[in-house]
Amino acid sequence: MIYFDNSATTKVAPQVLKTYQTVSEQIWGNPSSLHALGETADNLLEQSRRQIAGLLGCAPHEIFFTSGGTEGDNWVIKGTAFAKRTFGKHIITSAIEHPAVLNSMKQLEELGFEVTYLPVDVHGQVQPEDLRKALRSDTILVSVMAINNEVGSVQPLAEIADILEKHPSVHFHVDAVQGIGKGIGELLKLERIDFLTFSGHKFHAPRGIGFIYKKAGRMLAPLMAGGGQEKNQRSGTENLPAIAGMSKALRLLLENEEQNVSKEREIKRRIYDHIVQEENVTVFSELGAASSPHILCFAIGGVRGETIVHAFEEKGIYISTTSACSSKKGTVSGTLNAMGIVEKIATSAVRVSLDENNTLAEADKFNQAFDQIYARFAKVFVK
């Protein structure tokens, strides 16, 4: 089996799974309890928080645990809107954000907020000048992802941060779910970024766990009301086994980041150079620093994306359509639509997404399978 669907989810690392099991078996107390078992659990909770903060270069009190990327995006966006609605009701985002962001924006529009959706160019990138023009006196939030989950375009976060230096009251949120461990660490540490969203299952931690970075002093209304956990910001008993596992997973991810990114880029290039030679193949992802090392999106003209996915599956290779969230819905990629890709090509799009465990040998096997699949569908190609 060759697994090339890591942007949908990654396999839990063995060391992480061991940590999860050990904590579940030995440290089962509630971190909020006053007795010794609770104190032991709370100590591990805060140790995990400190480790994550140290890896990201921030303070422990700026890390808050969530159930994953969707909750994190919802919390930052809606929490900002609710906390700052007396200062303004205008929000800016891009047209290619994850559904957790876009659907949160739609909900806020129904509540009377105004949202500006920035277009992207043919490379899938926001133009900083469009952001500059969209800013208003009542703007309270700018939310732009780090790396697009469908085509892998890296957004110009540094340029956006420079523009927002002149607008210090505007919150700047970055969905970093696809960006962690992918060679853009310096971008994620930009001083002007106020919020970052992360999801553990994208880097070999268990599902159902994540965290946000919240810059100290920034206003954010809690969405989860209850017992006051996470400094009264996110109520609900903390998922300690998963948190401890996520902390370990993040350390393992970042300790060899440069080497892993180089490896992923080499694998991506091996596949890219092979498939781009075919006349009826359109590649939407690029090589180089403006594109992620791990995402390669392409289409075989005239063949629907789900058909291509199943053709590779028959050969033991697992890829996806443009995103896991839309793969079973049969919808056209929102990112490709925003990039101006015509529907008959966009419906043929599939995504290969890598991680550090993939190999060049797997890329070669993928290319062999690609040749066979391409030849099979030759009669249905559209010019």
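Which residues in α4 are buried? They are Ala100, Val101, Leu102, Ser104, Met105 and Leu108. Keep in mind as you read on that this is a predicted model. The domain assignment splits the protein into domain 1 (2-9 + 258-377) and domain 2 (14-255), and a nonpolar core of 65 residues, the largest one, draws at least three residues from each of them. Below is a friendly tour, topic by topic.

**Helix α4 and its surroundings**

- Helix α4 covers residues 99-110, and its twelve residues should span 16 Å at 1.5 Å a residue. The C-alpha atoms at its ends are 16 Å apart, so the model agrees with that expectation.
- An α-helix has 3.6 residues a turn, so residues three or four places apart point the same way.
- With that in mind, look again at the buried set, which includes Val101, Ser104, Met105 and Leu108.
- The cover over the buried residues of α4 includes one helix, α3 (69-84), together with the strands β3 (90-94), β4 (114-118), β5 (139-143) and β6 (171-175).
- Just after α4 comes Gly112, whose phi is positive, at about 100 degrees.

**Two domains and their contact**

- The C-alpha centres of domain 1 and domain 2 are 27 Å apart.
- Their contact involves 31 residues from domain 1 and 27 residues from domain 2.

**Nonpolar cores**

- Within the largest nonpolar core, of 65 residues, the residues with the most contacts are Ile63, Val142, Phe172, Ile180, Leu188 and Phe211.
- Helix α9 (residues 240-255) gives this core its largest share, namely nine residues.
- Ile180 is a good place to start exploring: beyond residues up to four places away in sequence, Ile180 touches Leu56, Leu188, Phe198, Phe203, Leu250, Leu253 and Leu254.
- Another core lies apart from this one and holds 27 residues, with Val283, Phe312, Ile317 and Ile373 among them.

**Two lysines in two settings**

- Is Lys182 buried or exposed? Its relative accessibility is 8%, so Lys182 counts as buried.
- Lys182 sits in the loop between β6 and α7 (185-188), and its side chain makes a polar contact of 3.2 Å with the side chain of Glu264.
- Setting aside neighbours within four places in sequence, the contacts of Lys182 are Ile147, Glu257, Val261, Glu264, Pro293, His294, Leu354 and Asp355.
- Lys231 belongs to helix α8 (residues 229-232), and because its relative accessibility is 41%, Lys231 counts as partly exposed.
- Although Lys231 and His61 are 170 residues apart along the chain, their C-alpha atoms are separated by 8.7 Å.
- Once neighbours within four places in sequence are left out, Lys231 is in contact with Arg49, His61, Ile63 and Phe64; Ile63 is also among the residues with the most contacts inside the largest core.

**Thr322 and the cysteines**

- Thr322 is found in the loop between β11 (317-318) and α12 (334-338).
- With a relative accessible area of 4%, under the 20% limit, Thr322 is buried.
- The side chain of Thr322 makes a polar contact of 3.5 Å with the side chain of Glu150.
- Not counting residues up to four places away in sequence, Thr322 touches Asn149, Glu150, Cys297, Ser333, Leu336, Ala349 and Arg351.
- Cys297, one of those contacts, counts as buried because its relative accessibility is 0%.
- Cys58 also counts as buried, at 19% relative accessibility, a value to read against the cut-off of under 20%.
- How many disulfides does the count come to? The count is zero.

**Backbone angles worth a look**

- Most residues other than glycine have a negative phi.
- His204 has a positive phi, near 75 degrees, and is not a glycine. His204 lies in the loop between β7 (195-199) and β8 (210-214), and at 7% relative accessibility His204 counts as buried.
- Asn232, also a residue other than glycine, has a positive phi of about 65 degrees. Asn232 has its place in helix α8, and at 56% relative accessibility Asn232 counts as exposed.

Methods
Residues are numbered from 1 along each chain as its sequence is written. This is a predicted model: local features need pLDDT of at least 70, side-chain atom pairs count only at pLDDT 80 or more; totals for chains, interfaces and linings use all residues. Side-chain values use heavy atoms; hydrogens and water are left out. A nonpolar core is a set of buried Ala, Val, Leu, Ile, Met, Phe, Trp, Tyr and Cys residues joined through side-chain atoms within 4.5 Å. Buried means under 20% relative accessible area, exposed over 50%, partly exposed in between (1.4 Å probe, protein chains only). Helices (H or I, at least four residues) and strands (E, at least two) are DSSP runs, numbered from the N terminus. Domain bounds come from an automatic or database domain assignment. Contact means heavy atoms within 4.5 Å. The expected span of a helix is 1.5 Å times one less than its number of residues. A disulfide is a pair of cysteine sulfur atoms within 2.5 Å. A polar contact is a pair of N or O atoms within 3.5 Å; within protein, one must be able to donate a hydrogen and the other to accept it, and residues adjacent in sequence count only if both atoms are side-chain atoms.
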